[in-house]
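Me: Please take a close look at one part of this model and then work outwards from there. Keep the cut-offs in, since I'd like to know how each term is defined.

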Amino acid sequence: MNNRVLKVLPRGQDKSARQLRRQGFVPAIYYGGNQAPRQLVASKRELNSLMRQLGESALFEIAMEEDVRTVILKEVQRDPVTREVIHIDLQDLAHNEKVSMNIPIRLVGADELESKGRVLQRQAETVNVEGYAHSLPSHIDVYVGDMEPGDVIKVCDLRVDGDIAILDPLDRIVAVVLTPE
């Protein structure tokens, strides 16, 4: 099976979400297109593997009942204590459909700053973008290794492909470099 495909099963009404989680499944809701929302379950192990590989905002496919659909993880709910995934929302996507979603921002070179005695204060973990599903990145990298104290990274400094629009305010601060007191 392709490593970008998650196998899902219909969720029976006879088991509670807690019982499903104990058995190694994650409850899910699938919606989109012109279909009614469907309750599903996915293997916790397969889902965690896929999320480690692709990130939480990546495009992938689900295989359900002889049907393969392209989806994105629209929402991931986690246990507040253990941080384990307890529920997911899957949104159906057509390749010619624009979607908006939060894309993680990775700050590359932070250890270089720390070795110079500088502190990177992060203000935003994600940025909201809109674009065609197949062109959305799984993350946006920003190099911070050569920044000086007082330097600021704003949303307008993020680099994305031309067919992707950033929806957040361009003056929103992503990170600031400080010197320790």
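Reply: Let's start with E148, which counts as partly exposed at 39% relative accessibility. Here buried means under 20% relative accessible area, exposed means over 50%, and partly exposed is what falls in between (1.4 Å probe, protein chains only). The areas themselves come from the Shrake-Rupley method with a 1.4 Å probe, and for residues only the protein chains shown count as cover.

Before going further, some housekeeping. This is a predicted model, so local features need pLDDT of at least 70 and side-chain atom pairs count only at pLDDT 80 or more, while totals for chains, interfaces and linings use all residues. Residues are numbered from 1 along each chain as its sequence is written, and side-chain values use heavy atoms, with hydrogens and water left out.

Back to E148. Its side chain meets that of R118 in a salt bridge at 3.1 Å, N to O. E148 lies in the loop between β10 and β11, and R118 in the loop between α3 (110-115) and β8 (119-122), so the pair ties together parts that are 30 residues apart in sequence. The label "salt bridge" asks for a side-chain nitrogen of Lys or Arg within 4 Å of a carboxyl oxygen of Asp or Glu. Helices (H or I, at least four residues) and strands (E, at least two) are DSSP runs, numbered from the N terminus. On the other end of the bridge, R118 is buried, with a relative accessible area of 15%.

The loop that carries E148 has another acid to look at. D151 also sits between β10 (140-143) and β11 (152-154), and it is partly exposed at 32% relative accessible area. D151 belongs to a surface patch of negative charge, together with D111, E112, E114 and D146. Patch members need over 30% relative accessible area and no salt bridge; like charges are joined within 9 Å, and nonpolar side chains (Val, Leu, Ile, Met, Phe, Trp, Tyr) within 5 Å. For the charges, Lys and Arg are positive and Asp and Glu negative, with His and the chain ends not counted; each charge is placed at NZ of Lys, CZ of Arg, CG of Asp or CD of Glu.

Now for the strand that leads into this loop. β10 is part of an open sheet of 4 strands, ordered β10-β7-β9-β12, with mixed pairing. β10 and β12 (165-166) stand at the edges with a single partner strand each, so one side of each is left without a neighbour in the sheet. Two strands count as paired if DSSP finds at least two bridges between them. β9 (residues 126-132) and β12 pair in the antiparallel sense over 2 bridges, and V129 has I166 in β12 as its bridge partner.

Not far along the chain, there's another ion pair: E125 and R122 meet through their side chains in a salt bridge at 3.4 Å, N to O. E125 is exposed at 53% relative accessibility, whereas R122 is partly exposed at 30%.

Moving on, the structure holds 8 salt bridges. One of them joins the side chains of R38 and E65 at 2.7 Å, N to O. R38 lies in strand β3 (residues 35-43) and E65 in the loop between β4 (59-64) and β5 (67-78), so this pair ties together parts that are 27 residues apart in sequence. R38 is partly exposed, with a relative accessible area of 25%. There's also a network of salt bridges linking D67, R69 and D92.

The loop between β4 and β5 also holds E66, which has a positive phi of about 65 degrees despite not being a glycine. E66 is exposed, at 87% relative accessible area.

As for R38's strand, β3 is joined to β2 (residues 25-32) by 7 bridges, running antiparallel, with P27 partnered by V41 in β3. Strand β1 (residues 5-10) is joined to β3 by 3 bridges, again antiparallel, and there P10 has L40 as its partner. In the hairpin of β2 and β3, with 2 residues between the strands, G33 takes a positive phi near 65 degrees.

To zoom right out: the protein has 3 helices and 13 strands, and 36% of its 181 residues count as buried.
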